[in-house]
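These are my notebook entries on one protein model. I looked up the overall fold, then the charged pairs, then the backbone angles.

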Amino acid sequence: MPFSLDMLFSLYLRYGLKTGIACVLAYTVSFIVGAPYAIWAVVSTVVAMQMNVADSLQVGILRFGGTVLGAALGVGLLLTVPLTPAAMGVAVFCVASACAYLTRFTSLAAPVSIAAMVVLLTGTQHLPAGYWDAASFGLMRVMEIAIGVGSAFLVSLLLWPVRLVDTLRADLSLQFQESARLMDSLLIAFLDRQQTLPYAVIQSIEGKIWNNHERLSKARKHESFLYRYEHRVMDVQISALDRTVESLRFMLEALNDYGEEEGRDPLTGAELRTLGDAIMAALRYLGGDDPTAPAPDLVRGLTGGVALVEAKLAELRTIGATKAFPLHKVLQFFSFYQAMRVLSESLLISLDRLQKQPNKSHG
């Protein structure tokens with residue numbers, strides 16, 4: 001079921017409570033083990049605590065891994081760089097510059113830079129006491145950040161866990177509903193003597209679909225070993241949304257390409273309306289609670305809708321009715337209809353793929 005506004009507020013309220021509890025846990029553990037700089041554990045908790053389990057695990061791994069590498073780098077520099085302002089300045093410049101450049105290749109670069117700077121600049125006060133004190137200082141920073149990352153992950157996993165796959169599934173449902181509404185708006189505008197629509201009507205849905213693949217990949221990578229659920233259904237849904245938005249974009253462009261020309265009443269208006277209704281029904285079904293259930297009525301509606309338009313076009317060609325239309329209006333009609341037909345065929349493919357999936361989409 002899609003998230004309501006009340007559920008959204010509740011989600012953020014729980015996120016706030018979880019963050020506070022995780023910070024207290026990190027501070028408590030730091031106090032018990034005698035970590036002198038509990039602030040790093042608490043800060044790491046705030047950074048690692050994300051809205052869902054997958055993001056918390058991903059950020060925590062990056063934070064901890066970067067801290068280990070950065071601490072090792074910082075200790076190495078402490079043991080080799082002379083304790084002079086000029087030498088320390090050169091070391092700071094080299095670390096900051098190199099890590100900033102490496103952000104082009106890896107997300108680890110930023111936490112490596114932070115940890116290296118902390119160990120390098122604050123560890124100098126421990127170096128006169130001996131090399132072991134400088135090294136142990138770096139190890140202590142790793143332990144503190146590990147406490148923070150671990151606290152964030154444990155609370156995220158055990159207290160009101162939010163799975164990325166669940167939020168993605170809810171978002172996909174909303175995107176299918178939005179696509180169906182946009183399909184209806186485009187069809188109404190086309191049948192109403194080709195009234196133009198602003199391109200902004202599609203930008204919202206276009207902006208939402210780009211990160212679907214990334215979010216599913218993240219859920220597979222970071223949640224699949226914690227939870228069991230079926231990914232393949234969402235693979236089909238995401239692919240269907242990709243093709244749907246592409247077809248809707250073509251329809252919008254066909255609608256607006258001849259906006260300055262006088263509109264005409266399509267001779268196939270009833271047939272296009274029937275096909276459009278079938279497309280919208282299929283979109284709503286694909287975003288529904290159980291898209292793997294058999295849907296023969298939807299298949300018949302899509303194939304029957306295309307057949308109705310094709311039969312009407314054949315009839316119009318036979319009687320020569322299309323000759324009364326200017327060529328550019330004929331091209332506009334066929335561009336719009338072709339996008340609808342391609343969308344119908346892609347939805348049929350998606351429905352066929354879903355019928356072959358085991359019914360485990362909500363496991």
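**Entry 1. Secondary structure**

How many helices and how many strands does the secondary structure of the protein come to? I counted 13 helices and zero strands. I note at the outset that this is a predicted model. Reading along the sequence, I recorded the pattern α-α-α-α-α-α-α-α-α-α-α-α-α.

**Entry 2. Burial, contacts and surface**

I then looked up what share of the residues is buried. Of the 363 residues in the protein, 44% are buried. For contacts, I considered pairs of residues at least 6 apart in sequence, and 83% of these contacts join residues at least 24 apart. The exposed surface of the protein comes to about 17,900 Å². Carbon and sulfur atoms supply 64% of that area.

**Entry 3. Salt bridges**

I turned next to the charged side chains. Side chains of opposite charge can pair when their charged atoms come close. How many salt bridges does the count come to? The count comes to ten salt bridges, and I examined several of them in turn.

**Entry 4. Asp184 and Arg273**

Which side chain meets Asp184 in a salt bridge? I found Arg273, with an N to O distance of 2.8 Å. This pair links distant parts of the chain, the two residues being 89 residues apart. Asp184 belongs to helix H7 (residues 164–191), and Arg273 belongs to helix H11 (residues 269–286). I also looked up the accessibility of both partners. Asp184 has a relative accessible area of 25% and is partly exposed. Arg273, at 22%, also counts as partly exposed; the cut-off for buried is under 20%.

**Entry 5. Glu345 and Arg341**

The side chains of Glu345 and Arg341 form a salt bridge at 3.3 Å, N to O. Where do these two residues lie? Both are in helix H13 (residues 327–355), four residues apart, which is about one turn of the helix. I recorded a relative accessible area of 39% for Glu345, which is partly exposed. Arg341 counts as partly exposed at 29% relative accessibility.

**Entry 6. Arg163, Asp166 and Arg169**

Asp166 forms a salt bridge with Arg163, and their closest N and O atoms are 2.9 Å apart. Is Arg163 buried or exposed? I found Arg163 to be buried, at 14% relative accessibility. Asp166 counts as partly exposed, at 28%. I then looked for further partners and found a network of salt bridges that links Arg163, Asp166 and Arg169.

**Entry 7. Positive phi angles**

My last search concerned the backbone. Most residues other than glycine have a negative phi. I therefore recorded residues that depart from this general tendency.

Arg193 has a positive phi, near 60°, and is a residue other than glycine. Where does Arg193 lie? I located Arg193 in the loop between H7 and helix H8 (200–209). Its relative accessibility is 32%, and Arg193 counts as partly exposed.

Gln194 is not a glycine either, yet its phi is positive, at about 55°. Gln194 is found in the loop between H7 and H8. Is Gln194 buried or exposed? I recorded Gln194 as buried, with a relative accessible area of 8%. In that loop, then, I have Arg193 as partly exposed and Gln194 as buried.

Terms used:
Residues are numbered from 1 along each chain as its sequence is written. This is a predicted model: local features need pLDDT of at least 70, side-chain atom pairs count only at pLDDT 80 or more; totals for chains, interfaces and linings use all residues. Side-chain values use heavy atoms; hydrogens and water are left out. Buried means under 20% relative accessible area, exposed over 50%, partly exposed in between (1.4 Å probe, protein chains only). Contact means heavy atoms within 4.5 Å. Accessible areas come from the Shrake-Rupley method with a 1.4 Å probe; for residues, only the protein chains shown count as cover. A salt bridge is a side-chain nitrogen of Lys or Arg within 4 Å of a carboxyl oxygen of Asp or Glu.
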